[in-house]
Each structure stands twice: as C-alpha cells, then as structure tokens.
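Please find below a note on the model under review. The points are numbered for ease of reply.

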Amino acid sequence: MNLWRQPGFWPSFLLVFLSGLVVLVLRQDTLRETAFTVLMFIGLASSLNILMGYTGYVNFGHIVFFGLGGYFGFFLVSEMGWPVYLAALGGGVLSSILAYIIGAAVLRLRGAYFALATIGVNEAARAFVSNFEPFGGSTGLYVNFSAYDRYGGAGQALWFTFILLWLVVLAVIVVSYLVKRSRFGLGLSAIREDEDTAMVMGVNAPLDKTKAFLISAFFPGLIGTLYFFKNGNVEPDDAFRFQMSLEILVMVMLGGKGLLLGPIVGAFAYERLRGYLLTSVIFKNLHLATSGLVLLLIVLFVPGGGVGWLRERFPKLRRWLE
Amino acid sequence: MILQVQEVSKRFGGLQALLDVNFELAEGQIMGLIGPNGAGKTTLFNVINGVYPPTEGQVIFRGEKITGLPSYEVARRGLARAHQVVRPLNDLTVRENVMVGACFGRERHSRSSAASLADQALTQVGLIDRADQFALSLNVAQKKRLELARALAARPYLLLLDEVLAGLNPSEIAGMMETIRTIRDQGFTILMIEHIMQAVMSISDQIIVLDYGQLIAGGNPQEVANNPKVIEAYLGDPEMTARLLAE
Amino acid sequence: MIHVLPSIIDGLLIGFVYGVAAMGLTLIWGVMRVINLGHGATMALGMFCTYFLFSDLALNPYLGMVAVVVLSLLFGFLIYGVALQRVIQSGYLSTLLATFAVNMIIIGIGTAVFTTSPRNIDFSAGSITLGPVILQGTRLLAALAAVVITGALYLFLYFTRPGKAIRAVSDNRAAAELMGIPSSHVLALAFGLGTMLAAVAGGLTSTFFPFTILSGATYQLKSFVICVLGGLGNPLGALVGGLFLGALEGIVPTFMPVSWVPVVEFVLFVLVLVVKPTGLLGAK
Ligand SMILES: Nc1ncnc2c1ncn2[C@@H]1O[C@H](COP(=O)(O)OP(=O)(O)O)[C@@H](O)[C@H]1O
Ligand SMILES: [Mg+2]
C-alpha cells in the first residue's frame, strides 16, 4: 500500500508532524514541555486504540506498559548506562514481552471481565514494583546526571528526548494506520464486532488479538522510558497511576474510538481543557469536577466522540477522517 | 467423500443433543438436513465446523480428521457457514463483512483482491447496491443474503446453510432459492438445514432427518417423504405434518 | 499460631465491612451489568456524612448511619437518573465511563470543599479482652452492623416484591422484562441499594480509620477483588469474600512485609478471574 496516497492518513500524520515541527522551530522550553505532554498522550491514546478501538478489548491497564516498560528503560539508562534511544527500545520490547505473558492469561476473558482483569494487573504491577528492590522499591530510581552529558548537558538532553518522542508518536500513527488498513486490521474489526463469528469465518482470534496486544503495548514502553528520562526519576505512584490509565481511555472516547484521528483529537482536546481549567480562576479548584462533567456529557450525548460525530454528520468527509 | 460424520454425540450437561450420528456427503451434492425444532440440527453444524468439539465421535473433512479443531482452522480448510441467527459485523460495511470471508477463508486473499471477490459474491446474492452501507442498516432478508455472500466469498469446498429461508416472505424465498440453485450449479457442495419442506425436497439430492438428536431416516427426497418414521417425528408439529404430506 | 489469632480476628471484623461495600458493587453488577467506578467516591461520601453528623450534630455514628442510609439511597437514585439511565443499554463501556465521570465529579468537588487533609472520628466504644485477644469496640460494632445490614438485605431480596424483582432481573434480564417487571425501576432501586451499601460501609470504616475524600479508591479496588473472589453478582459470595480478604490481610503480614499484601491480593484477583471467573465460591 502506498501510504502517501491515502487521504485518511494525512490529517493525522500532519497534525502530529506539524505540532512537533512548530516546537522545534520556536525553541521555547515551556512550549516544549506542554507539547511533550500532549504528544505523549497522543502516543498513549493511539496505541491504546489499537486494542480498544480496533479489537474491542477495553484495557484499563494500558498504563502498566508505560510503567513497567518505562521502569525497565529507565533502569537501562541510569543503572546500565545505555543511551536513551536504545533503552527506550528495550523498554518497548520488554512491554511487548510482558503483554505476551499477560495476554496469554487475560485475553481469554471477554467484555467487562477482561476490563476488570486489567485493573487487577495494573494494581498488582504497582504493588510488585513498590517492593522490587532493583527498581528502588517505593522510592524509585533517580537518574545519574552524568547520563545527560552524552547529549551535551541536561538542556540539550531534553530537546533530544523531545525529538525522540516526536518520532515515536509519528511511528505510532503510521503503525496504527497500516494496521487499520491491513488484512490483519480487518480481522481485528471482525473480532471486535463478534469474536465467535469472526472465528467461524476463519479469523485466528487468539493469535490476532495477542498480536494487537503486543503492538499496543510496545509504544507505551518506549514513551515511558522517554518520559521518565526527561523527568530524571521514576517512582511507582507516578508510573502506575490508575487515574492516568482512565484519562487515556477518556481521550480515546473523546475523539472517537477505532478512528486514527480520534485519539489524537481526544488527547489534544483533553489536555487543552485541563490546561485551561487549571489556569482559570473560576475552575482552578474544580478542574477535576469539570472534566468529569465534560466526560459525562460526551458519554451521554456524543458516544461516537468528536471525530465520530463529524463522520456521521458529514459523510463526505469520511475518507479524510479515518 | 467430502464429509464424513462418524458416531458423533454431543451432550450439554444432562441434555443429549446428538446421539451417535453417522452420515457421509459426496462431493458436488446437496444434502438437506431436516427435523423438528430442537432436534439438534444447529448443534450438528456447530460440531462439524468446530464451534465446540463433540463429546464422542469423529468429523472427517476431505480425508482429514477435523474433530476438535478450532473453528478458524476448520474455516481455512474450506468449510464456510451461514448462521441461522444472522450475525452481521454491524459496524463494518456490507462489503467489508464479505471481505472478511474472502480474506480469512480457504484462499486467504489480500485485502484488495478480497474486495473484488466480495463484490462478485454480493452481485451473486443481489446485495451489491448495499455494499457501502453499514451491515446494521440491512433488513432481515438482506442480512440472510449477507450471511450467504460471506460464506460464498470464502470459496469453500463445503457450504453449511442453516435455515437461510426462515423468516423470509414468499417472494424473498423464491429469490433466495434461485440464488441457491445458481450456487449449486457452480459445483459447491452444500449441506443445508431447512424447515420449508417444498424447498429442501426440490433442491436436495439427499435428505437426512434428525429427531431428538438421532438420525431417524436418510435417502433421496421421495424415500424420506414416504418414510413413516419421519411422518411420526413431525406429528407433534401439525403444520409440518400437513406440509410433508402435501408433498 | 496464637500470635496470629488477634490479627486474624481483627481482619475478620474489618472483613465484614469490606463485605458490605463489595455487596453493593456486586449487586449493581448482577442486576445492571454496570461496573460502578463511582463506588469508592460514594464510600468516601459516607465517611464524610458520618463525620459531619458526629462532629457538628454530635450524633452517635451508629444512629447517624440511619441518615446515611436514607441520603445515600436518594443519592443513588439521582445518579442513576442523571448518569446511567440513558446509557444503560449501550454496553458496559458507556456505563463504566459514566460512573467514572461521576467519580471525577464527586472527587473534584470533594477535594475543593473538604481538601485532602485527613480526618478522623474521635469516637470510642471501649474494648473487650478475651484471653490474648483485644477487640476494639468500634470494630465489633461495625461488624455487628454489617451483619444486621446483610440480614436486612437478605430479607428484602427474598421476601418483598421489589426484592424479588431485583433477583429476577439479576437472574435473567430478558425473561424478567417479558414477565412485565418494570425493569428501569428495578435498575434504579438496585443502584440505590448498591450506593447505600457503599456509603454505609464507608461510614462504618470512618469510625476506626482516618480518611480523606480520596480514601474510597483503595476500598473500591478491594471491593473488586472481593466481588471476583465471591463470584461477580453474588451478594452472599461478596460477604464471604470480604471475610476472606480481611483474614488474608490479617495473616499475610505475619510472615511477609505488609507492603506485599496488595501484591498477593491482586495476583489472586487476576488468577481467580482467569482460572475461575465465576468466583471461588462457584455460585452462578
Ligand atoms: N450451547 C448450548 N448449551 C446447552 N444447550 C444447548 C446449546 N445449544 C443447543 N442446546 C440445546 O440443544 C438442543 C438442540 O438445539 P439446536 O441444535 O439448536 O436445535 P435445532 O437447530 O435442531 O432447532 C436444544 O434443546 C437446545 O436447547
Ligand atoms: Mg437451529
């Protein structure tokens, strides 16, 4: 398939590409920090979408892969002295391996039972890491500042990390699109709609959903490593926030699950809303409640998410809003 | 023999849904499977295509034992099925539904060649104008046709059709019968469950009759229609009896 | 063995309260197929309600529980009407997100109003000494209250019309609707009852542990574990599961560091879900 001739691919790709480019051109530290958060959530939400939107398995523990992969990658940087891009790759690979093991158990469950199991996996992982001494137990790990020297000091290292994140998120978008348009992706949609029927039609559901889980888990591992490296430390309560898992899920819903553009728009919108609420005088103390209210309104009245709504409203735009 | 079912039994807890079922189906034939409601017909299909394993017995497809294989493995070996209770993939378009059949059936087509196969199958069942609609928006008769198109697009050696005529009005039945005849003429082997006697009798080479999980008769349509056991089995169902005797 | 006894008994007493919270969650799941992510926040509201009745109105916490029952039942109806009724047929993801939104709203407002500094109810009901075991009065009374509530719930579910309707819907929604049970009233009632059980469990907890508006989250997770151990949708299983978890929390720290308790709990949770999703008790 020729990616460059696909109308559904461009809006998503350009959105991410340009937002990163703008930051690199303007070179402001605060803008970079904001963009880092937004891009990170785009990457997390889009990777969750591969399992949740394409395959129909709602994972409440997506953040486990961010946490465990990130911990491992951070460990490789700070304790083993690996360069950050290799360490991030290590984090991603570990996440996928873990997804294979966890998936062998929990992917046999369906619907709400799967969702519940992923909540359990997240909590078990958090509790385990809090007790795991090589990862610093409940206090976590700190980066040795000499680790930044390799990139020309801490300031340069932050820019380098940002560029890596940008590339990773672009990769998430490309992979998401390729999966969606492939035969494999068609099989995933069939599993989402009706797993038993899909199997009767020849879809190897156990294998295909495991593959989707592996792909979905790979990117949070990469992103986690970059995030913790940027922060300079990692600790259990930061790495396995159930709240954050839910926020990622909300972003996917907000934009529209199963669509390439959905999680991107959702992550943008959610982060902008949060940023606005946190700085506004009136809403500052009520930002959580207001976000909750917005979510409730979306769930009740716009269940297809923003992009889903546009697709329904303007069928002509569909080929651009995949 | 394309399909051999040997001493197949299936139990659900205390319920003996199938007991010692034996039959063979030759390539290129159409076999009708009839029997009162709850006789175990759909269960027999489920055992044949691997939705669940039989409690006892063997299923042999094109010389290979497929007993206990998962349903996707069975599908790949060239066995496709249209469900009694239609099961469209609602959020996919009609074309995409059929493409799933082509992509994951016997020939495992790529997505682009699957699309043209799908259109072929949709044309054959008369659903091509709906190709870009969501499957959710179809009516029951159209959904039945979709089931058939999906099965056809898999280009199977053997088609299992489970009551594809049920719930259709007379003119829709006539149309569907026509479609099935053209499918037969293309040389597909078909095993079909049907309640509408006239239809099965007219189209099948062979008929087997299931009652309370057991095969009580088999043979060509004439023999079966005149078999006293068959008439007795349907006596609990006056309407059926009347239809059968009217043959 | 003898030194384990006090912690087991202590754990069991708390287990009764866990059980009540989990019963609420499991009832809502059984009848509505809703995973209520607002359960913990509701528990926290129960804690605050008890606290204010005690500190501002000087109401005995156990008398205050009557007010908590009434208020939380109404609160449950309200949430059902506003957040759930519209999406109850759209599958578990919608209802789950709706309850999560409710959770965010409660926690958000609660944080703004009450802050997150810990509070506790300064109430003592003495203690009883039995040989080597010292039983805290508040925990004994909480366990007793939990038993009374379970008994009342049982009587309600088995001997009243609305209760029987709830059980009928829980067993088979489609069939119950065919028989003409007004399903949406039943759903509202079930959600109300589930919310009430959460609030009461929260209220009882607040008599012996300090708390903040965020405290509910931990108990909510424990409730998930308990529901799964006891079999989702099975109220009696939830109570037994609660006792089991309480006892486990009493025993585990005697032979490994207390921080390993959640590891054991959640690994058990996932294992039970995967190996025997109907729960250890195996009902349903
Ligand atoms: N998965 C199942 N679990 C338990 N009982 C079943 C199952 N599937 C079918 N049955 C029972 O097996 C019997 C045969 O059903 P079925 O094969 O659907 O009949 P038919 O298709 O001939 O009408 C019925 O009594 C039915 O209730
Ligand atoms: Mg049937």
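The points below take up the chain contacts, the metal site and selected residues of this predicted model.

1. Overall arrangement of the chains. There are 2 pairs of chains in contact, and chains A and C share the most contacts of these. Chain B and chain C are joined by no contact, and their closest C-alpha atoms lie 14 Å apart. The two interfaces, that of chain C with chain A and that of chain B with chain A, are described in turn.

2. Extent of the interface between chain C and chain A. On the side of chain C 36 residues take part, and on the side of chain A 41 residues. The area buried between these two chains is about 3400 Å², and carbon and sulfur atoms give 84% of it. Three residues, C:Y92, C:L97 and C:M104, supply 18% of what chain C buries against chain A, which is more than any other three residues supply.

3. Character of the interface between chain C and chain A. The count of salt bridges across this interface is 0, and 3 residue pairs are in polar contact, with both residues at pLDDT 80 or more. The elements of chain C that give two or more residues to the side touching chain A are α3 (61-84), α4 (92-114), α9 (216-230) and α11 (261-275). Of the elements of chain C, α4(C) gives the most to that side, with 14 residues. By class, the side of chain C that touches chain A holds 32 nonpolar, 3 polar and 1 charged residues.

4. Extent of the interface between chain B and chain A. Here 26 residues of chain B are in contact with 23 residues of chain A. Together the two chains bury about 2100 Å², and 62% of this lies on carbon and sulfur atoms. B:Y72, B:F104 and B:R111 supply 35% of the area that chain B buries against chain A, more than any other three residues.

5. Character of the interface between chain B and chain A. How many salt bridges are counted between chain B and chain A? The count is 1 salt bridge, formed by the side chains of B:R87 and A:D194 at 3.1 Å, N to O. In addition, 12 residue pairs across this interface are in polar contact, both residues being at pLDDT 80 or more. The elements of chain B that give two or more residues to the side touching chain A are α2 (71-76) and α3 (94-104). The largest share of that side, 7 residues, comes from α3(B). Its composition by class is 10 nonpolar, 8 polar and 8 charged residues.

6. The magnesium site. The magnesium ion (ligand 2) has as its protein donors B:T42, through OG1, and B:Q84, through OE1, at 2.0 to 2.2 Å. These donors link distant parts of the chain, 42 residues apart: B:T42 belongs to helix α1 (residues 41-48) of chain B, while B:Q84 is in the loop between β6 (79-82) and α3 of chain B. Because its relative accessibility is 27%, B:T42 counts as partly exposed. B:Q84 likewise counts as partly exposed, at 29% relative accessibility.

7. The surroundings of C:T195. This residue lies in helix α8 (residues 183-206) of chain C. Is C:T195 buried or exposed? C:T195 is buried, with a relative accessible area of 2%, a value under the 20% limit for that class. Apart from neighbours within four places in sequence, C:T195 is in contact with C:I28, C:T42, C:S72, C:F75 and C:G76.

8. Backbone angles that merit inspection. Most residues other than glycine have a negative phi. C:A58, which is not a glycine, has a positive phi, near 55°. C:A58 is found in the loop between α2 (39-55) and α3 of chain C and counts as exposed, at 64% relative accessibility. C:T115 also has a positive phi, of about 55°, although it is not a glycine. The place of C:T115 is the loop between α4 and β1 (127-130) of chain C, and at 40% relative accessibility C:T115 counts as partly exposed.

How values were computed
Residues numbered from 1 in each chain as written. Chains lettered and ligands numbered in written order. Predicted model: local features only at pLDDT ≥ 70, side-chain atom pairs only at ≥ 80, totals over all residues. Heavy atoms only, no water. Contact = heavy atoms within 4.5 Å. Buried area = accessible area lost by both parts, 1.4 Å probe. Salt bridge = Lys/Arg side-chain N within 4 Å of Asp/Glu carboxyl O. Polar contact = N/O pair within 3.5 Å; in protein donor to acceptor, adjacent residues only side chain to side chain. Helix = DSSP H or I, 4+ residues; strand = E, 2+ residues; numbered from the N terminus. Nonpolar A, V, L, I, M, F, W, Y, C, P; charged D, E, K, R; others polar. Donors = N, O, S within 2.8 Å, 3.2 Å for Na, K, Ca; no water. Buried < 20%, exposed > 50% of the residue type's maximum accessible area, 1.4 Å probe, protein only.
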